[in-house]
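Student: I would like to work through this structure by question and answer, with the reasoning given at each step.

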Amino acid sequence: MGLEDNSTRLNSNVEAFLANLRRRGKAARTITRWSVELDRLVAWVGDRDLSEIDAGALELGFLAEWETAFCDRNGRAPALNSMRAVSQAVRSFYAIMDRFGLLVDASGARVFNPALALDLPVIPVKAELDWLRAEDDGALLSCPMNAREDIIVFVLRMTGLRLGEALALTNRDVDLGSGT
């Protein structure tokens, strides 16, 4: 099978995968983002059959080259979220190929899904919000405020709204009858 046959079949599989995502209700932004990365995967695979790509080639070849290209394009290393998105796109694509029996070698025998070996980057958990301590809260409340500032501070303290959200409130956003 030639380059055009492999490339055409791989492109067709990527399109089928993206259609599957749309049918499953995936977010349009995710589909668009993954489409770009899967186009890069197709270009990287080139004339090889998908079954010829092992876990090492994905990790040390495609993902390493993706990271280098990202740095070249953007002048900085990719964020962990960007790296995770690429890995998820590749893993999800391979999972669909495997699930529907499309991950086979030239003789039609099923091959191991190499994307299962890819580790997703771990995104660190953000620190808890830094709430005011009792003495800070007391100091804030003892500051001289006009009536509007007093109301805003009260709303912020009682609702957890951000300042911009509180300032954007209108009368129709508040239902005094139901306390919401």
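Student: Which residue meets E165 in a salt bridge?
Tutor: This is a predicted model, and the pair is judged by the gap between side-chain N and O atoms, for which the limit is 4 Å. For E165 that gap is 3.6 Å. E165 itself is partly exposed, at 36% relative accessible area. The partner, which counts as exposed at 61% relative accessibility, is R162.

Student: How many salt bridges does a search of the whole structure find?
Tutor: Side chains of opposite charge can pair when their charged atoms come close. The pair of E165 and R162 is one case, and the pair of R33 and E37 is another. The search of the whole structure gives a total of 6.

Student: What is the N to O distance in the salt bridge of R33 and E37, and which residue is linked with them in a network?
Tutor: R33 and E37 are 4 residues apart in helix α2, so about one helical turn separates them. Their side chains meet at 2.1 Å, N to O. R33 counts as partly exposed at 27% relative accessibility, whereas E37 counts as buried at 3%. The residue linked with R33 and E37 in a network of salt bridges is R40.

Student: D49 forms a salt bridge with R9; how many residues apart in sequence are the parts that this pair ties together?
Tutor: The closest N and O atoms of D49 and R9 are 2.1 Å apart. D49 lies in the loop between α2 and α3, and R9 lies in helix α1, so the pair ties together parts whose separation in sequence is 40 residues.

Student: Is D49 buried or exposed, and how does R9 count?
Tutor: The cut-off for a buried residue is a relative accessible area under 20%. D49 has 12% and is therefore buried. R9, at 34% relative accessibility, counts as partly exposed.

Student: What is the orientation of helix α2 relative to helix α4?
Tutor: Two packed helices are described by the angle between their axes and the distance between the axes. Helix α2 (residues 28-45) and helix α4 (residues 80-99) have their axes 9 Å apart, at an angle of about 70°. Angles of 65 to 115 degrees count as roughly perpendicular. The orientation of α2 to α4 is therefore roughly perpendicular.

Student: Which residues of α2 meet α4?
Tutor: On the α4 side, the residues met are S82, A85, V86, Q88, A89, V90, S92 and F93. On the α2 side, the residues are R33, W34, E37, L38 and L41.

Student: What is the distance in space between L38 and F93, C-alpha to C-alpha?
Tutor: L38 lies in helix α2 and counts as buried at 0% relative accessibility. Beyond four places in sequence, L38 touches V14, F17, L18, A89, V90 and F93. L38 and F93 are 55 residues apart in sequence, and their distance in space is 8.2 Å.

Student: Where does F17 lie, and what is its relative accessible area?
Tutor: F17 has its place in helix α1 (residues 3-23). Leaving aside neighbours within four places in sequence, F17 is in contact with W34, L38, A89, S92, F93 and I96. F17 is buried, with a relative accessible area of 0%.

Student: Which residues are in contact with N13, leaving aside its neighbours within four places in sequence?
Tutor: N13 is found in helix α1. Its relative accessible area of 13% makes N13 buried. The residues in contact with N13 are F93, M97 and L102.

Student: How does V155 count at 23% relative accessibility, and which residues are in contact with V155?
Tutor: V155 is found in helix α6 (residues 147-159). At 23% relative accessibility, V155 counts as partly exposed. Leaving aside neighbours within four places in sequence, the residues in contact with V155 are G160, L161, A166 and L169.

Student: Which residues form a nonpolar patch on the surface?
Tutor: One member, L176, lies in the segment after α7 and is exposed, with a relative accessible area of 77%. The patch has about 300 Å² of accessible area in total. The residues that form it are L169, V174 and L176.

Conventions
Residues numbered from 1 in each chain as written. Predicted model: local features only at pLDDT ≥ 70, side-chain atom pairs only at ≥ 80, totals over all residues. Heavy atoms only, no water. Patch = residues over 30% accessible without salt bridge, like charges linked within 9 Å, V, L, I, M, F, W, Y side chains within 5 Å. Areas by Shrake-Rupley, 256 points an atom, 1.4 Å probe, with all protein chains shown as cover. Helix = DSSP H or I, 4+ residues; strand = E, 2+ residues; numbered from the N terminus. Buried < 20%, exposed > 50% of the residue type's maximum accessible area, 1.4 Å probe, protein only. Axes fitted to C-alpha atoms, helices over the stretch in contact; angles between N-to-C directions. Parallel < 35°, antiparallel > 145°, perpendicular 65-115°, else oblique. Contact = heavy atoms within 4.5 Å.
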